[in-house]
Amino acid sequence: MEKIVSLCKRRGFIFQSSEIYGGLNGFWDYGPLGAELKRNIKESWWRTMTQLRDDVVGLDASIIMHPKIWEASGHTSTFSDLMVDCLLTKKRFRADQVEPQSGTAYFYTGATDPATGKESEDAFSVLIPTGRHADYARKPARHFYQLRGIENPNLQGERFEEVQNSTRYNPENGSLLTEPRPFNLMLKTYVGPVESPDNLSYLRPETAQAIFVQFKNTLDVSRQKVPFGVCQIGKAFRNEINPRNFTFRSREFEQMELEFFIRPDEVVQKMVGSVAKLSDPQPSTLNPQPNWGWELWHKYWVEQRVQWYESIGLGRDTLVEYWQKKEELAHYARATVDILYKFPFGTQELEGIAARGDFDLTQHQKFSGKSMEYFDDEAKAKYVPHVIEPSAGVDRLALALICNAYCEDQAPDEKGKLETRVVMKFHPRIAPIKVAVFPLLKNKPELVKKAKEVRELLRPHMSVFYDEAGAIGRRYRRQDEAGTPFGLTIDFDTLGEKGPELQDTLTLRDRDTMKQERVKIGDLVPILLEKIR
Ligand code: GAP
């Protein structure tokens with residue numbers, strides 16, 4: 001990860017937000033290459049999820065929405081993590097992320113100051129390595145009571161006991177942590193000039209709810225029929241207690257979400273006479289069928305999503321499909337599959353695909369008083385549709401693609417000596433720059449002119465980078481680090497100096513194999529388009 005984080009900064013994939021002011025924990029900026037990478041991810045997702053399908057349409061909703069939406073969705077009451085604070089430093093941890101500790105715990109019932117007569121009856125405890133002298137515990141304990149106004153504390157009621165695998169102590173200093181308490185992750189703001197509880201609003205913690213609340217409007221204008229979906233890409237905000245693992249858990253991030261509305265199983269049963277289930281022998285999960293119940297639609301979307309990850313270079317061997325156990329499911333979910341990626345810091349979630357029943361639409365129907373029912377012409381039935389929700393994070397995926405692309409191999413330098421080459425092997429579909437154009441020498445106006453002509457030829461079709469500075473080998477290396485899959489070199493043969501057969505040809509270099517082939521400038525656009533689409 002260290003190498004990856006350093007490359008991200010050095011090459012302009014990802015910068016710390018507000019870096020010149022010391023940064024802001026949990027916020028990140030994407031530099032020139034990162035911005036292109038993210039755009040390519042989102043464009044590919046959007047194209048696959050809606051433009052290449054008949055049954056999904058798009059939405060682009062506002063980030064701040066009516067606060068009642070978050071009451072209906074359950075976010076104001078339940079969207080929280082349990083947190084604990086260190087009693088000495090006030091540092092906050094997610095309760096489930098505290099590393100278990102073993103050692104000798106010293107307990108105190110309070111402290112008094114003989115000089116002033118002040119006393120505290122607050123209990124405190126501290127964990128120290130077994131075998132260490134009690135003074136090791138007394139020092140932080142005194143500090144605890146000093147923080148409570150006892151200047152020269154006499155510790156009261158000291159006792160100790162051995163403790164195994166306890167998560168009640170701060171792993172960094174052994175201090176007792178507060179009891180776990182829920183911490184709502186939504187970021188608050190006030191809409192309008194008055195900061196009153198009536199004007200309290202939230203930055204959305206997910207994009208999904210906007211799709212549910214616009215279900216009826218979208219349905220009315222799009223002439224879709226259930227089963228159909230609405231997808232959206234946009235920013236989401238969560239006041240994460242411990243942002244960590246580079247961009248993996250951030251406080252501001254982007255989601256790509258689809259809500260795919262389906263018939264309830266009872267309606268399918270009534271209409272077709274049966275409901276296909278996952279346990280049926282060899283059900284096809286590739287071509288939707290009228291007898292599909294929620295199980296097969298769910299499996300279908302899991303398969304579609306994995307296929308998309310493969311299409312942008314994350315092979316099945318890099319992913320894990322995790323089917324949540326019954327006891328892990330959210331109360332409204334019938335099934336959830338997490339698609340995990342094998343990050344260098346552990347195998348972690350990229351996307352969740354949940355079968356959410358009719359929970360969301362029913363909640364909004366209840367809280368808004370507006371009907372969310374749909375009349376199904378074909379089934380001759382009125383119902384609240386059920387939903388399958390594939391929900392992915394753009395930033396996590398960008399990080400996974402960066403980790404996946406990072407390679408080191410050996411390549412010859414200008415003198416033919418092997419040196420370590422860092423190469424970002426992005427799939428050409430999502431590579432930030434598709435092709436780099438190099439005149440062999442920058443002080444030969446004919447080469448430069450021709451190279452610039454090639455750049456202009458390709459520009460309308462793809463992102464092109466023109467580079468004339470330095471030795472050609474160095475220029476290749478720079479593009480290898482940026483993950484540019486193709487390099488084009490314009491040399492004296494291009495100008496026809498070795499005869500007319502090579503005139504208007506150039507070398508096309510493949511980033512991964514480093515092989516070079518001679519191609520005609522006139523053939524470049526179709527050759528490259530085939531490779532990057
Ligand atoms: N609407 C469902 C939903 O929001 P989620 O599992 O909480 O589900 C979906 O989030 C995806 O959003 C995650 O799989 C992850 O890719 C991304 N995500 C969630 N929290 C994130 C965070 N703090 N930082 C970066 N990405 C996050």
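This passage walks through a five-stranded sheet and its helices, a cavity beside them, a smaller set of paired strands and one buried helix. The model is a predicted one.

To start with the sheet, five strands make up an open arrangement in the order 26-25-27-28-29, and their pairing is mixed. The edges belong to strand 26 (464-466) and strand 29 (516-520); each has a single partner strand, so one side of each is left without a neighbour in the sheet. From one strand to the next, the twist averages 30°. At the strand 29 end, strand 28 (residues 505-510) pairs with strand 29 in the antiparallel sense, over five bridges. Here Leu506 sits opposite Val519 of strand 29.

Two helices pack against these strands. Helix 13 (residues 472-482) touches strand 25 (435-439), strand 26, strand 27 (486-490), strand 28 and strand 29, and its direction makes about 170° with that of strand 25. Helix 14 (residues 524-532) lies across strand 25, strand 27, strand 28 and strand 29, running at about 160° to strand 27.

What about empty space inside? The count comes to one cavity of 30 Å³ or more, with a volume of about 40 Å³. Strand 25, helix 13 and strand 27 each give at least two residues to its lining, and helix 13 has the largest share, with three residues. Among the lining residues are Ala436, Phe438, Tyr476, Gln479, Asp480, Phe486 and Gly487, along with Arg509 and Arg511.

Elsewhere in the chain, strand 4 (residues 80-85) pairs with two other strands. With strand 12 (residues 181-184) it runs antiparallel over four bridges, and Leu82 stands opposite Pro182 there. With strand 5 (residues 92-94) the pairing is again antiparallel, this time through three bridges, and Met83 faces Arg94 across the pair. Strand 4 and strand 5 make a hairpin with six residues between them, and in that turn Lys90 has a positive phi of about 70°.

Then there is helix 9 (residues 294-311). Its 18 residues reach 26 Å from the first C-alpha to the last, close to the 26 Å expected at 1.5 Å a residue. Is helix 9 largely enclosed or left out in the open? Of its 18 residues, 13 are buried, so helix 9 is largely enclosed by the rest of the structure. Just after helix 9 comes Gly313, which takes a positive phi of about 105°.

Key
Residues are numbered from 1 along each chain as its sequence is written. This is a predicted model: local features need pLDDT of at least 70, side-chain atom pairs count only at pLDDT 80 or more; totals for chains, interfaces and linings use all residues. Side-chain values use heavy atoms; hydrogens and water are left out. Two strands pair if DSSP finds at least two bridges between them. Axes are lines fitted to C-alpha atoms, for helices over the stretch in contact, and angles run from 0 to 180 degrees between N-to-C directions. Contact means heavy atoms within 4.5 Å. The expected span of a helix is 1.5 Å times one less than its number of residues. Buried means under 20% relative accessible area, exposed over 50%, partly exposed in between (1.4 Å probe, protein chains only). On a 1 Å grid over the protein atoms alone, a cavity is a set of points where a 1.4 Å probe fits but cannot get out, and a pocket is an open set with protein on both sides within 12 Å along at least five of seven lines; lining residues have an atom within 4 Å of a point. Grid points are joined across faces, edges and corners, and a volume is the space filled by probe spheres set on the points.
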